[in-house]
Amino acid sequence: MVKHIVTLLALLLLVSGCASRSTTLYEELGGEAKINEIVENFVYEIEYNETILPYFAESDIERFITKFSEQLCVFSGGPCEYSSDTMEQVHGGMNITEADFNLTVDLFINAMNKANVPHRLQNQLINRMTHTRRQMLYL
Amino acid sequence: MRILSLLSFALIIYSSISVAGSGKLIGTAGLNQLEGAGGGGIVPWATLSGYDTQDEVSVNAFITQVNLEDYRLNVIGANVSLYDRAEFSVARHVFDLTTLGGEIAQKVYGAKVRLYGDVVYSDWPQISVGVQHKELEDTAVAQLVGSKDNSGTDYYLAATKVHLGAAAGYNLVWNLTGRLTKANQLGLLGFGGPENEDYELMLEGSLGVLFSRHFAAGIEYRQKPDNLGLGEDDWMDVFVTYIPSKRVNFTLAWADLGSIAGATGQKGFYLSVGGQLW
């Protein structure tokens with residue numbers, strides 16, 4: 001039994017090792033064009049969600065689009081730099097709940113689905129975003 | 001019946017004070033394991049049973065059937081998950097001795113507390129402790145095979161982690177549980193026996209891959225004591241789960257439960273339907 005688990009783990013490692021290391025996630029996703037598409041879809045998802053929309057009541061949407069695209073570019077290893085307020089500064093005073101945060105992740109997944117981002121790339125992108133969660137919750 | 005009344009009681013209480021849980025990523029709430037706790041199929045996990053976050057509660061129910069060569073296990077259970085912190089569960093087992101005739105029933109009351117972490121977002125695995133108190137309703141078979149007690153309590157510590165995109169881009173989930181127990185075959189054959197009547201530490205593990213937001217597959221392993229000297233075997237299963245929404249999940253597994261009460265080679269299909277009622 002333990003042998004089976006070890007074999008399975010070895011297989012998983014092997015398969016993940018085969019994924020090309022030379023290209024960045026940014027390139028695999030489809031670069032700037034695809035990231036812009038995801039962010040536009042995301043804004044659309046937020047506009048039609050009455051729970052999340054109020055968090056953006058005082059936001060400059062154009063600025064949000066620019067800055068969030070910049071962030072996704074950085075997270076996915078693209079040729080960008082993020083230049084703005086810290087996540088804590090942006091989200092301070094909003095008191096974002098865990099439920100609303102996770103709902104927004106669901107909206108982000110919808111946005112990626114509508115941009116035809118493959119499931120495996122979606123997971124990898126989300127994985128690189130998770131560290132921002134503690135910079136956003138209950139501030 | 002008692003489960004149903006408890007469930008409706010819980011529904012009435014909690015519907016009045018809080019919002020229903022839906023705040024976790026789909027698939028990351030896990031399933032309901034045989035003894036009623038949030039988990040895989042046969043192993044309790046550190047995850048709580050519902051999709052509730054720290055501001056929410058959830059109520060879940062499930063039915064499970066395991067069809068073996070000489071036996072059939074029917075389980076009905078329900079649990080309440082509070083603020084992604086604590087979980088309370090009840091389950092009733094009816095174990096049909098399809099070859100010999102007769103049945104053995106027992107109730108399992110469980111509680112679990114999350115000590116640390118978030119299965120998806122924390123750096124380290126989510127950690128929970130739990131208890132499962134089991135009371136046999138039909139004690140004749142347990143006494144016949146030489147068990148010491150008709151009721152018993154298991155204690156467990158579980159660690160669970162989802163690694164996003166870790167398995168070639170697919171989400172990987174693993175769980176490791178250490179359980180102190182005296183139970184023979186979940187308790188259906190009583191607790192303790194001529195070979196051993198003390199607590200023993202048993203290790204249980206699960207490994208799964210989420211192939212999409214709605215399909216998962218994996219394996220589970222559960223170490224078992226052999227207090228009765230009847231050659232009780234470790235359990236294992238291979239499962240596929242379909243999670244169409246946060247409201248419902250379907251699991252089909254192939255389970256190899258080894259020797260039960262001297263009848264060897266007990267294998268068969270495990271079917272489970274679980275749902276979040278609130």
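# Exercises on a predicted two-chain model

In chain B, strands β9(B) and β10 (residues 170-181) run antiparallel and are joined by 10 bridges. The model is predicted, and the exercises below start from this pair of strands.

**Exercise 1. Describe the surroundings of β9(B) by working through its strand partners and its burial.**

Solution.
1. Start with the β10(B) side. B:Tyr155 has B:Leu180 as its bridge partner in β10(B).
2. Look at the turn of this hairpin. There are 2 residues between β9(B) and β10(B), and B:Ala168 has a positive phi near 55°.
3. Turn to the other partner. Strand β8 (residues 126-136) of chain B pairs with β9(B) over 10 bridges, in the antiparallel sense. Here B:Ile127 has B:Ala159 of β9(B) as its bridge partner.
4. Count the burial. Strand β9(B) spans residues 151-167, and 12 of its 17 residues are buried, so that by the threshold of 20 or more other C-beta atoms within 10 Å the strand is mostly covered.

**Exercise 2. Find which strand gives the most residues to the largest nonpolar core, and which residues touch the most other members.**

Solution.
1. The largest nonpolar core has 52 residues, and B:Val120 and B:Ala255 touch the most other members.
2. Strands of chain B that each supply at least two residues of this core include β4 (56-67), β7 (103-116), β9, β10 and β14 (248-256).
3. The most comes from β9(B), which gives 7 residues to this core.
4. Now list the contacts of B:Ala255. Leaving out residues up to four places away in sequence, B:Ala255 touches B:Val66, B:Trp235, B:Asp237, B:Lys267, B:Gly268 and B:Tyr270.
5. A second core, separate from this one, has 18 residues, among them A:Ile35, A:Val39, A:Leu72 and A:Leu125.

**Exercise 3. Outline chain A, then decide how the buried residues are placed around the axis of α3(A).**

Solution.
1. Chain A has 7 helices and 0 strands. Of its 139 residues, 20% are buried.
2. Consider the contacts in chain A between residues at least 6 apart in sequence: 82% of them join residues at least 24 apart.
3. Helix α3 (residues 31-47) of chain A has 17 residues, and its first and last C-alpha atoms are 25 Å apart, close to the 24 Å expected at 1.5 Å a residue.
4. In α3(A) the buried residues are A:Lys34, A:Ile35, A:Ile38, A:Val39, A:Phe42 and A:Ile46. Because these cover an arc of only 135° around the axis, they lie on the same side of α3(A).
5. The spacing can be set against the helix repeat: an α-helix has 3.6 residues a turn, so residues three or four places apart point the same way.
6. On the other side of α3(A), A:Ala33 and A:Glu47 are exposed.
7. The cover over the buried residues of α3(A) includes α2 (25-29), α4 (61-75) and α6 (98-114) of chain A.

**Exercise 4. State how many residues each chain puts into the contact and which helix of chain A gives the most.**

Solution.
1. Chain A contributes 23 residues to the contact and chain B contributes 20 residues.
2. On the side of chain A that touches chain B, α1 (2-18), α6 and α7 (119-129) each supply at least two residues.
3. Helix α7(A) gives the most to that side, with 7 residues.
4. By class, the side of chain A that touches chain B has 11 nonpolar, 9 polar and 3 charged residues.

Technical notes: Residues are numbered from 1 along each chain as its sequence is written. Chains are lettered from A and ligands numbered from 1 in the order in which they are written. This is a predicted model: local features need pLDDT of at least 70, side-chain atom pairs count only at pLDDT 80 or more; totals for chains, interfaces and linings use all residues. Helices (H or I, at least four residues) and strands (E, at least two) are DSSP runs, numbered from the N terminus. The expected span of a helix is 1.5 Å times one less than its number of residues. A residue is buried if 20 or more other C-beta atoms lie within 10 Å of its own, exposed if 12 or fewer, and partly exposed in between; C-beta atoms are placed from the backbone. The arc is that of the directions from the helix axis to the C-beta atoms. Two residues are in contact if their C-beta atoms, placed from the backbone, lie within 7 Å. Ala, Val, Leu, Ile, Met, Phe, Trp, Tyr, Cys and Pro count as nonpolar, Asp, Glu, Lys and Arg as charged, and the others, Gly among them, as polar. Two strands pair if DSSP finds at least two bridges between them. A nonpolar core is a set of buried Ala, Val, Leu, Ile, Met, Phe, Trp, Tyr and Cys residues joined through C-beta atoms within 7 Å.
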